[in-house]
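User: Could you walk me through this model before I start on the details?

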Amino acid sequence: MTLQTRRHPIAGNWATLLLPIADDDSIDFTALAREIDILIDARVDGIYSNGTAGEFHNQTEAEYDRIQEMLAGRCQAAGMAFVIGACQPDPVIMLARLRRAVPLKPLAIQVILPDWWPLTNQEAIDFLKRVSEAADGIPLILYNPPHAKRVLSPRDLSEVCRSCPSVVGIKLADGDAEWYAEARAHLSEFSLFVPGHHLATGMNAGVAAGAFSNVACLSPQGAQAWTDMMRTDIEAALSIEKRICAFMDDHVVPFRRDHGFSNAALDKLLAAIGNWGPVGTRLRWPYRSIDGQNAETLRETAHAMIPELFAPRR
Ligand SMILES: CC(=O)N[C@H]1[C@H]([C@H](O)[C@H](O)CO)O[C@](O)(C(=O)O)C[C@@H]1O
């Protein structure tokens, strides 16, 4: 694979699977199947499992298998692109999850760097090399979230990923103008995935290929229309982004900043505000969930601030 060809066509608006959790803390697989079908009908660019919002860090191996088989089966039947998250803080479990994802033939597999003791760059390279071999030709996306034990700079990411040709994309948090300049300098050969609410900025900067997106949590179909708009009218998309960011800053981020809720709790709140499918706000023990009543209150605010995300499909 040459530097020019590594940028994989995988791009655009990716909707995350959020786990419907029943009162007894079990996963409601009937609701999960319905959720997948709704996302397929929303005609998003793709669906992915087991990001942070999909609570990959809090499920059994049997549950992991059942989620991935359900996603793969329904997406393949509908011709919908899908990505599997094999992410797990423990490298041995992560490698085993990846091996079980390979036969399901996802478009790509997401992994994180092992996340208990932080890896050196050389250890990260060794990890990605073994993972690449096990992936058997399926492209990899490295997920380096802002809350990782080690958040790598664009320069370090380039050093780590360059020698592993299977790594075609990186999902990360973006930053200021200096970060964008560094990303342009070091990471142009990779497909970069930025936070959903910064996608127009990332695309306008020529840096982002897409997002595994919190905006899709709020409205899968609205996020898709907004993403499509970026290709035809970036100025209009940027102006919508300003209002999305204002909504997040004023009404969603305070749950984390002031009350300590997790990112997954925020993403589930967004889905409950959007009210598009059978996803409640409940997270699995021991994580705290945001009371669903907040979604009822914030729905009107979201519709007033960003009506474009809730407009019926044209
Ligand atoms: C703000 C935002 O878009 N958050 C999204 C993040 C970011 O894309 C990622 O952390 C890179 O910053 O990915 C997820 O957590 C995920 O993996 O489940 C979904 C979540 O909605």
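What follows is a short exchange about the overall fold and a few chosen residues.

Analyst: Please keep in mind throughout that this is a predicted model.

User: Noted. How many helices and strands are in the protein chain?

Analyst: The protein chain holds 12 helices and 8 strands, and its C-alpha atoms fill a box of roughly 50 × 45 × 40 Å along the principal axes.

User: What does the radius of gyration say about the protein chain?

Analyst: A compact globule of 314 residues would have a radius of gyration near 20 Å, and because the protein chain has 18 Å, the value agrees with that expectation. Of the 314 residues, 55% count as buried, and among contacts between residues at least 6 apart in sequence, 69% join residues at least 24 apart.

User: And the surface: how much of it belongs to carbon and sulfur atoms?

Analyst: The accessible surface comes to about 13600 Å², and 53% of that belongs to carbon and sulfur atoms. As for charge, the protein chain has 30 positive and 38 negative charges, whose mean positions are 3 Å apart.

User: Switching to helix H5, which of its residues are buried?

Analyst: In helix H5, which spans residues 154–162, the buried residues are Pro154, Leu157, Ser158, Val160 and Cys161.

User: What do those buried residues pack against?

Analyst: The buried residues of H5 pack against two helices, H4 (121–135) and H6 (177–186), and against two strands, S5 (140–144) and S6 (167–172).

User: Now the loop with Asn58: where does that residue lie?

Analyst: Asn58 sits in the loop that runs between strand S2 (46–48) and helix H2 (61–78). Because its relative accessibility is 19%, and buried means under 20%, Asn58 counts as buried.

User: What does the side chain of Asn58 reach?

Analyst: The side chain of Asn58 reaches the backbone oxygen of Trp285 at 3.0 Å. Once neighbours within four places in sequence are left aside, Asn58 is in contact with Arg284, Trp285, Pro286 and Tyr287.

User: Which peptide bond there is cis?

Analyst: The peptide bond from Trp285 to Pro286 is cis, with omega near 5°, and Pro286 is found in the loop between helix H11 (263–274) and helix H12 (293–305).

User: What about His57, buried or exposed, or somewhere in between?

Analyst: His57 is also placed in the loop between S2 and H2, and because its relative accessibility is 31%, His57 counts as partly exposed. Leaving aside neighbours within four places in sequence, His57 is in contact with Thr52 and Tyr287. His57 and Cys87 are 30 residues apart in sequence, with their C-alpha atoms 7.9 Å apart in space.

User: Any backbone oddities? Which residue in the loop between S2 and H2 has a positive phi?

Analyst: Glu55, which lies in that loop between S2 and H2, has a positive phi of about 55° although it is not a glycine. Glu55 is buried, with a relative accessible area of 2%.

User: And Lys105, buried or exposed?

Analyst: Lys105 likewise has a positive phi of about 55° without being a glycine, but Lys105 counts as exposed, at 63% relative accessibility. Its place is in the loop between helix H3 (91–101) and strand S4 (108–111).

User: Last one: where does Val207 lie?

Analyst: Val207 lies in the loop between helix H7 (199–204) and strand S8 (208–212), and at 3% relative accessibility Val207 counts as buried. Val207 and Leu283 are 76 residues apart in sequence and, from C-alpha to C-alpha, 33 Å apart in space.

How values were computed. Residues numbered from 1 in each chain as written. Predicted model: local features only at pLDDT ≥ 70, side-chain atom pairs only at ≥ 80, totals over all residues. Heavy atoms only, no water. Helix = DSSP H or I, 4+ residues; strand = E, 2+ residues; numbered from the N terminus. Rg over C-alpha atoms; globule rule 2.2 N^0.38 Å. Buried < 20%, exposed > 50% of the residue type's maximum accessible area, 1.4 Å probe, protein only. Contact = heavy atoms within 4.5 Å. Areas by Shrake-Rupley, 256 points an atom, 1.4 Å probe, with all protein chains shown as cover. Lys, Arg positive; Asp, Glu negative; His and termini not counted. Charge placed at Lys NZ, Arg CZ, Asp CG, Glu CD. Polar contact = N/O pair within 3.5 Å; in protein donor to acceptor, adjacent residues only side chain to side chain.
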